[in-house]
Amino acid sequence: MLAMAKKKYITTSQVDGFSFLVTNFLWPAMIIDVMGNMEFSQEMLEVTFYTAILSFGYYFVIGILSFIYWKVRKSTKALQGILTVATTITNTGFIGIPLVGIALGEEAVFIAAIAEIVNDIVIFTVGILLLQSGASEKKGIDFSAMFSPGFLSVIVGLLIFAFQI
């Protein structure tokens, strides 16, 4: 897309508009569509629960190991939080979930969306605190930043799935 803008096939404002459209409407619509069309079953409910638990467990274990590693390496306090976030938290939602859908199908998108909501919760809570840990001025957590269109689409999709609306 950026290559097309550099060659003047499209303008940078068109690239920005397309990115806005994909991020705020198309990606969330895909999540809601997949989750809303998923057949409710006890098995899928268990998969949802265990995916969330395992995702939280992953971030907890990897986060602790990463933090210990950077502490042992005697990184500065300012760098410890940044390096822990960089080596622990993923950014898989925007492109990762559509790729999962292409490679593994709609059920995998559902599972990836559950893992992504855990990822978002970790980023916007623990991740923010870790990034601020070395800063002279700590601003705390802004929970409103967590409620992105992607995050909200997973919540809406879960509600549609759970209540079979």
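**View 1. A pocket with about 200 Å³ of space, the second largest one.** Everything shown in these views comes from a predicted model. This pocket has 13 residues in its lining, and the ones nearest its centre are Tyr 59, Phe 60, Gly 63, Val 126 and Leu 130. Three helices, α3 (42–72), α4 (77–88) and α6, each put at least two residues into that lining. The largest share belongs to α3, which brings six residues. Sort the lining of the second largest pocket by class and you get 10 nonpolar residues, three polar ones and no charged ones.

**View 2. The largest pocket, with a volume of about 240 Å³.** Here 15 residues form the lining, and Trp 27, Phe 94, Glu 116, Asp 120 and Ser 148 are the closest to the centre. Which helices each give at least two residues to this lining? They are α2 (12–36), α5 (93–104), α6 (106–132) and α7 (149–163). Once you look for the largest share, you land on α6, with five residues. By class, the lining of the largest pocket splits into six nonpolar, seven polar and two charged residues.

**View 3. Inside the largest nonpolar core, a group of 24 residues.** Seven of its members touch the most others: Ile 31, Met 35, Ile 97, Phe 110, Ala 113, Val 118 and Val 154. The elements giving two or more residues to this core are α2, α3, α6 and α7. Of these, α6 supplies the largest share, nine residues.

**View 4. Phe 110 and the residues it meets from farther along the chain.** Phe 110 is among the core members that touch the most others. Set aside its neighbours within four places in sequence, and Phe 110 is still in contact with Val 34, Met 35, Met 38, Met 44, Thr 48, Leu 158 and Phe 161. One of these partners, Met 35, is also on the list of core members with the most contacts to other members.

**View 5. Where α4 crosses α6.** The two helix axes come within 6 Å, and they cross at roughly 145°. On the α4 side, the contact is made by Gly 81, Ile 82, Thr 84 and Val 85; on the α6 side, by Gly 127, Leu 130 and Leu 131. That makes four nonpolar residues, three polar ones and no charged ones. You have already met Leu 130, one of the residues nearest the centre of the second largest pocket.

**View 6. Lys 74 and Ser 75, in the loop between α3 and α4.** Is Lys 74 buried or exposed? Lys 74 has a relative accessible area of 72%, so it counts as exposed, the cut-off being over 50%. Ser 75 goes the other way: its relative accessibility is 15%, and because buried means under 20%, Ser 75 counts as buried. Leaving out residues up to four places away in sequence, Ser 75 touches Trp 70, Gln 80 and Leu 83. The backbone of Lys 74 is worth a look too, with phi near 60°, a positive value in a residue other than glycine. Most residues other than glycine have a negative phi.

**View 7. Gln 164, in the segment after α7.** What is phi for Gln 164? Phi sits near 45°, a positive value in a residue that isn't glycine. With a relative accessible area of 40%, Gln 164 is partly exposed.

Terms used
Residues numbered from 1 in each chain as written. Predicted model: local features only at pLDDT ≥ 70, side-chain atom pairs only at ≥ 80, totals over all residues. Heavy atoms only, no water. 1 Å grid on protein atoms, 1.4 Å probe; cavity = no way out; pocket = protein on both sides within 12 Å on 5 of 7 lines; lining within 4 Å. Points joined across faces, edges and corners; volume = space filled by probe spheres on them. Helix = DSSP H or I, 4+ residues; strand = E, 2+ residues; numbered from the N terminus. Nonpolar A, V, L, I, M, F, W, Y, C, P; charged D, E, K, R; others polar. Core = buried A, V, L, I, M, F, W, Y, C linked by side-chain atoms within 4.5 Å. Buried < 20%, exposed > 50% of the residue type's maximum accessible area, 1.4 Å probe, protein only. Contact = heavy atoms within 4.5 Å. Axes fitted to C-alpha atoms, helices over the stretch in contact; angles between N-to-C directions.
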